[in-house]
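Got your viewer open and a selection box ready? Here is a walk through the model, one pick at a time.

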Amino acid sequence: MNSEVNQVEKKGVILRVLDSIERVGNKLPHPAVLFVIFAMSIMVASWIVSVFDVTTVHPGTGDELPIRNMFSKEGIQFIFTSMLSNFTEFQPLGLVLAMMLGIGVADKVGLIETFIKKTIINAPKSVITYAIVFAGVLGNLAADAAFVIIPPLAATIFYTLGRHPFAGLAAGFAGVGAGFSANLVISGNDALLSGIANEVVKTVSDTATVTPVDNWFFNAASVALVVLVGGLVTEKIIEPRLGTYKGNKASVMSEVSNLEAKGLRNAGIVGFLYIGMIVMMTVPKSGLLRSDEGTIIPSPFLDGIVPITLIFFLLIGMAYGFTVGNLKSISDVPNLMAESMKDMAGFIVLIFAASQFIAYFNWTNIGTWIAVSGAEILTGIGLTGLPVIIGFIFLTAVLNLFIFSGSAQWALMAPIFIPMLMLLDYHPAYVQMAYRIADSSTNVITPLNPYFPIILALMKDYDKKSGIGSLISLMLPYSVVILVAWTLFFLIWNLFGLPIGPGIEMFINK
């Protein structure tokens, strides 16, 4: 009995902490204003630090990098001359808007709602929760496009079933972000990170290499872990805290009509034919979407995954729309695209402010300084064996709050930690795997995540009062629990001496 009381009290403390985070966070200004404040803070910080002539050395190139003052002549010129390019060249902007052109059509004609009603609405509650996290994990095959696709669909599914849409959104976001390095197949991220690692390895060894498949065994096994943990956090922590959704929208949906079922069938046929065409251009070694060397990683297929996905949603949306009569002519399609863009107005405003902040952060070299200084502190402590790996994992998790780009952060950290740990008999692929665990786990709580504005905008569709505090308090349990569970899984995997990839064994300094 006392044990049960203690469990209730502990749970109460956790929920009170999350509620406090939400209250404090929601007192912050509008996210766009907050990013402006962040940008101004970077300007002031750059001026203060530059007074002391602080410099850092880029670990990859060896170039000396001063902390550049944004109040200098060069800095002022950068502010005014780069403002438009910071915005227009901000990669998530084009990605998100392009994806919404296709997804928007599929949504406006009713395809997505019908698909949900037909395939998911009657599924058991437990299956839906874990299926959403699983879909998010596998969704990272589409790279950053998964951030745009999975969370909104997950929120809609939960909302349709009378469950809190924030819980569905959180489960989808956790699968995509916190589970970014877990997957059953090799992704473009494997090739990108291993390429950076190989460049560093060349400075240490003439024989050691890192390939895109070197983390595959552990990545594949991690899928089950992330899905299990993500599902449990959703049902045991997130949903009880959120309670019943009391929005104005009705949660009861009508049955699928015969005409809607026919539209869904036609959309499926068109989608199947389109996927078949893409497969025929990708699978054969001489395929049009393969690289000149015949590889898939890298290849035009992976580089073009966003346009491929856009066209997929556009085609199936048109097939459904014309069948059920929601589209009368081809001219209706651009009209629906325009309606989708209206829904993105708030996102565009947020991105304008966020893009300036990130550009200032990079231009001043403050991000590099933070990453290198943190790594040097850990190195200076003189940790050996598994403690240094654990310390490396948690340092990476903290630094990821400041540098969202996984490849950029790995480019900064790999030149320091790969040589150091190779001297302690750690395989570079092992170091890379430890990095990926931490880099993924905190993706969902850093405001520097360029897809944060998308999730915030989606939350406001269901609750106008929600803000940055709501999102961080919603995602913090996922980040903490997945990071701890994944680290323990990593150590247990190591303890049994299991390989993390083909021919790549774990190494423990004795």
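## Start with confidence

Colour by pLDDT, the predictor's confidence in each residue from 0 to 100: the protein averages 80, and 82% of the residues score at least 70. Now select residues 1-11, where pLDDT is below 50; beyond near neighbours in sequence, this stretch has two contacts in the model, a contact being heavy atoms within 4.5 Å. Some ground rules: this is a predicted model, so local features need pLDDT of at least 70 and side-chain atom pairs count only at pLDDT 80 or more, while totals for chains, interfaces and linings use all residues. Numbering runs from 1 along each chain as its sequence is written, and side-chain values use heavy atoms, with hydrogens and water left out.

## The whole chain

Switch to cartoon and you have 21 helices and two strands. Both are DSSP runs numbered from the N terminus: helices are H or I with at least four residues, strands are E with at least two. Of the 510 residues, 51% count as buried, meaning under 20% relative accessible area; exposed is over 50%, and partly exposed is in between (1.4 Å probe, protein chains only). Among contacts between residues at least 6 apart in sequence, 78% join residues at least 24 apart.

## Into the big core

Next, select Ile389, Trp410, Ile418, Met475, Tyr478 and Phe490. Of the 120 residues in the largest nonpolar core, these touch the most other members. Such a core is a set of buried Ala, Val, Leu, Ile, Met, Phe, Trp, Tyr and Cys residues joined through side-chain atoms within 4.5 Å. Add helix H21 (residues 468-495), which gives the most to this core, with 11 residues.

Centre on Ile418. Which residues is Ile418 in contact with, leaving aside its neighbours within four places in sequence? You should find Ala197, Val200, Val201, Trp410, Pro428 and Val431.

Ile389 takes you to helix H17 (residues 386-399), where the buried residues also include Phe392, Ile393 and Leu395. Try the distance tool here: the end C-alpha atoms of H17 are 20 Å apart, which agrees with the 20 Å its 14 residues should span at 1.5 Å a residue. The expected span is 1.5 Å times one less than the number of residues.

## The second core

Move to Phe35, Met43, Met70 and Ala353, which are among the 19 residues of a second, separate core. Pick Ile79 in helix H3 (residues 73-88): leaving aside neighbours within four places in sequence, Ile79 contacts Met43, Met70 and Tyr360. Ile79 and Tyr360 are 281 residues apart in sequence, yet 8.1 Å apart in space, C-alpha to C-alpha. Ile79 counts as buried because its relative accessibility is 10%.

Met70 also leads to Thr364, whose contacts beyond four places in sequence are Ile42, Ser46, Pro66, Ile67, Arg68 and Met70. Thr364 is in the loop between helix H15 (345-363) and helix H16 (366-381). Is Thr364 buried or exposed? At 0% relative accessibility, Thr364 counts as buried.

## Two last stops

Select Arg163, in the loop between helix H7 (145-160) and helix H8 (165-178). Arg163 is buried, at 10% relative accessible area. Show its side chain with that of Glu239: the two make a polar contact at 2.6 Å. That term covers N or O pairs within 3.5 Å; within protein, one atom must be able to donate a hydrogen and the other to accept it, and residues adjacent in sequence count only if both atoms are side-chain atoms.

Finish on Phe312 in helix H13 (residues 305-324), which is partly exposed at 22% relative accessibility. Phe312 touches Gly271, Tyr274 and Ile275, not counting residues up to four places away in sequence.
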